[in-house]
Amino acid sequence: MDDLKSLIREVPDFPKPGILFYDITTLLKNPAGLRRVVDAFAGHYRTQPVDLVVGIEARGYFFAPAVALALGTGFVPVRKPKKLPHEIEFWEYDLEYGTDRIEIHRDAIEPGQRILIVDDVLATGGTAAASARLVEKLQGKVAGFAFLIELDFLGGRKKIADYDITSLVHYQ
Ligand code: AMP
């Protein structure tokens, strides 16, 4: 997937000093690159039963609806706090400083539905693990995760080791 890596722009010191930000807007505007990501995610999960694709706000939304269309499923957004208008479930998780929280509509997932979770980057794995807990709170079953980028050196995979994971581009 080196061709995909060449489409990702690395921006030092964004959004704060010391962070190397992986900017995927350069990949998204490339038709072959965008198709490659969606085909790879859908190809990986086509042979496994998936009932719904969940995208994580915000950059998970770039891919999740396209993957849902490719798999013939619906799409459900996991959102940041106070964005969803109807009854919600939430999951809170620890950050380096403080906590964060993600939310989903309580009626978005039915018990037993198999859920594919899509995001752009697997970094420390906190967001991914929280998403799995949220799906399971609604009695969904996590079919697996799909990430464009995995930052191997942060070890996020360990937090979701019980699940199937596909990541297309790795940084060591
Ligand atoms: P984490 O919970 O640490 O796995 O962080 C995952 C979320 O943070 C993803 O939704 C990414 O959008 C974002 N993220 C973390 N690190 C980076 C990075 N270096 N470049 C771009 N996005 C990042």
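Biologist: Which space is taken by the ligand?
Modeller: This is a predicted model, in which local features need pLDDT of at least 70 and side-chain atom pairs pLDDT 80 or more, while totals for chains, interfaces and linings use all residues. Residues are numbered from 1 along each chain as its sequence is written, and side-chain values use heavy atoms, without hydrogens and water. A pocket is an open set of 1 Å grid points over the protein atoms alone where a 1.4 Å probe fits, with protein on both sides within 12 Å along at least five of seven lines. A molecule sits in one if more than half of its atoms lie within 2 Å of its grid points; the space that the ligand takes is the largest pocket.

Biologist: Which element gives the largest share of the lining of that largest pocket?
Modeller: The lining (residues with an atom within 4 Å of a point) has 20 nonpolar, five polar and 12 charged residues. Four residues, the largest share, come from β7.

Biologist: How many residues surround the ligand?
Modeller: The shell has a heavy atom of each residue within 4 Å of the ligand. By class, six are nonpolar, four polar and three charged, while β2, β7 and α5 each supply at least two. Asp119, Asp120, Thr124, Gly125 and Thr127 are the closest of a total of 13.

Biologist: Which residue has a side-chain N or O atom 2.8 Å from an oxygen atom of the ligand?
Modeller: Backbone N or O atoms also approach the ligand: that of Tyr22 lies 3.0 Å from a ligand nitrogen, and that of Ala123 lies 3.0 Å from a ligand oxygen. The side-chain atom at 2.8 Å from a ligand oxygen belongs to Asp119.

Note on methods: Nonpolar A, V, L, I, M, F, W, Y, C, P; charged D, E, K, R; others polar. Polar contact = N/O pair within 3.5 Å; in protein donor to acceptor, adjacent residues only side chain to side chain.
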